[in-house]
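Visitor: I should like to learn how to read one helix within a folded chain. May we look at an example together?

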Amino acid sequence: MQWLQQYGEVKKMKLFDTHSHYNDEQFDEDREEIIKKIFEAGVENTVVVGDNVENSKKAIELAKKYDFIYAAVGVHPNEIAENEEEISKQISQIKGIVNKNEKIVAIGEIGLDNHWVKDQKELQRYAFLEQIKLANELNLPIVIHSRDAIMETIEILKGKVVPEKKGILHCCQLNRDLVKAGLEAGFYISFAGAVTFKSSKNANEIIGMVPNDRILIETDCPYLSPEPNRGKRNDSRNVKYIAEKIASVKEMPVEEVARITYENGKRIFGMK
Ligand code: NI
C-alpha cells in the first residue's frame, strides 16, 4: 500500500474524539470555523460534553446543528451547588433537557475532584451517585471525571452502583489500580494528551493494560493539548497524536488504532 500513500490516495483515517468542549467560551470567536476544520481533517465523530446545566444545553445545540456532533449532559464535581437540595435541582434540570433528544449519548461529565476543592467530598459523592441514578433511569452510559480522587472513584466502581450501560473513565489518570477497577467494572478507558507528555512515565504500562476493545481516544479540548502542541489551545485535530502514541505502544498501525477506537466509541455511546 506504500505507493498509494505516496500518491495520497489512501482514504483519510476516520477519527472519533470521544470528549470535547466546543461549548466552551474559548471557542466563542471561531467555533464554526474550527468545527469545519476538524471535520475536514477526518474527525468523523465527537461528543461535546457539558459540565453544568448551561453548557450542557449548548452541547445539545451543537449536536442539533452538526450531524457528526453528539452531546453528553451533566454536572461536573466542580460545578455542583452548595447543598443537596440545590444539587437535586441542578440534576432535575439536566433530566429536563434530556427528554427525547436522540443525540444525547451519555450523562457526563460527572464524578469526583479533590484537586481544586477539598471540602466538598460528601456533596460531590451525592451529586455523582444521583447522576448515576439518572443515567440508569435514562438507560445511558456515564462519562466519569476523576481527579486526585482515585480511592473514592475505585470505591464507587466496585460498589455495584455503576449504570447498566457502564461508561468511560475520561482523561483517565495513569494509575494502575484505577484502570484495573475501571476495566473490571466493564468501563472503557479514554486517553487524552497526558499520555504524550514525557513526564507521564508510566503511560506505556497503562496503555498496555487496556484491551483493544476498551480503549478510546479524546482531546478534552480546548484543554490539555498533546505534544507537539502542548500549551496551545487544543482541538480535535490533535486526537491523532493520542492514536499515534497508542499505536507505538501496542505496535499497531495508527490506522488500526483509529479504526478500533472509532468502533469502540460507537459501541459505548450506542450510536448506529
Ligand atoms: Ni472534559
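Guide: Certainly. Please note that this is a predicted model. Let us begin with what surrounds the buried part of helix 6: its cover includes strand 4 (104–113), helix 5 (121–138), strand 5 (142–147), strand 6 (167–169) and helix 7 (176–184).

Visitor: Which residues of helix 6 are buried?

Guide: A residue is counted as buried when its relative accessible area is under 20%. In helix 6, which runs over residues 150–158, these are Thr 153, Ile 154, Ile 156 and Leu 157. Viewed down the helix axis, the buried residues lie within an arc of 160 degrees, so they line one face of helix 6.

Visitor: Which exposed residues does the face turned away from the buried side carry?

Guide: Exposed means over 50% relative accessible area. On that face of helix 6 one finds Met 151 and Lys 158.

Visitor: What phi does Lys 160 take, just after helix 6?

Guide: The phi of Lys 160 is positive, at about 60 degrees.

Visitor: How many helices and strands does the protein chain have?

Guide: There are 10 helices and eight strands. Of the 272 residues in the chain, 56% count as buried.

Visitor: How does one judge the radius of gyration of the protein chain?

Guide: One compares it with the value for a compact globule, which for 272 residues would be near 19 Å; the chain has 18 Å, which agrees. Along its principal axes, the C-alpha trace spans about 65 × 40 × 35 Å.

Terms used:
Residues are numbered from 1 along each chain as its sequence is written. This is a predicted model: local features need pLDDT of at least 70, side-chain atom pairs count only at pLDDT 80 or more; totals for chains, interfaces and linings use all residues. Side-chain values use heavy atoms; hydrogens and water are left out. Buried means under 20% relative accessible area, exposed over 50%, partly exposed in between (1.4 Å probe, protein chains only). Helices (H or I, at least four residues) and strands (E, at least two) are DSSP runs, numbered from the N terminus. The arc is that of the directions from the helix axis to the C-beta atoms. Contact means heavy atoms within 4.5 Å. The radius of gyration is taken over C-alpha atoms; the globule rule is 2.2 Å times the number of residues to the power 0.38.
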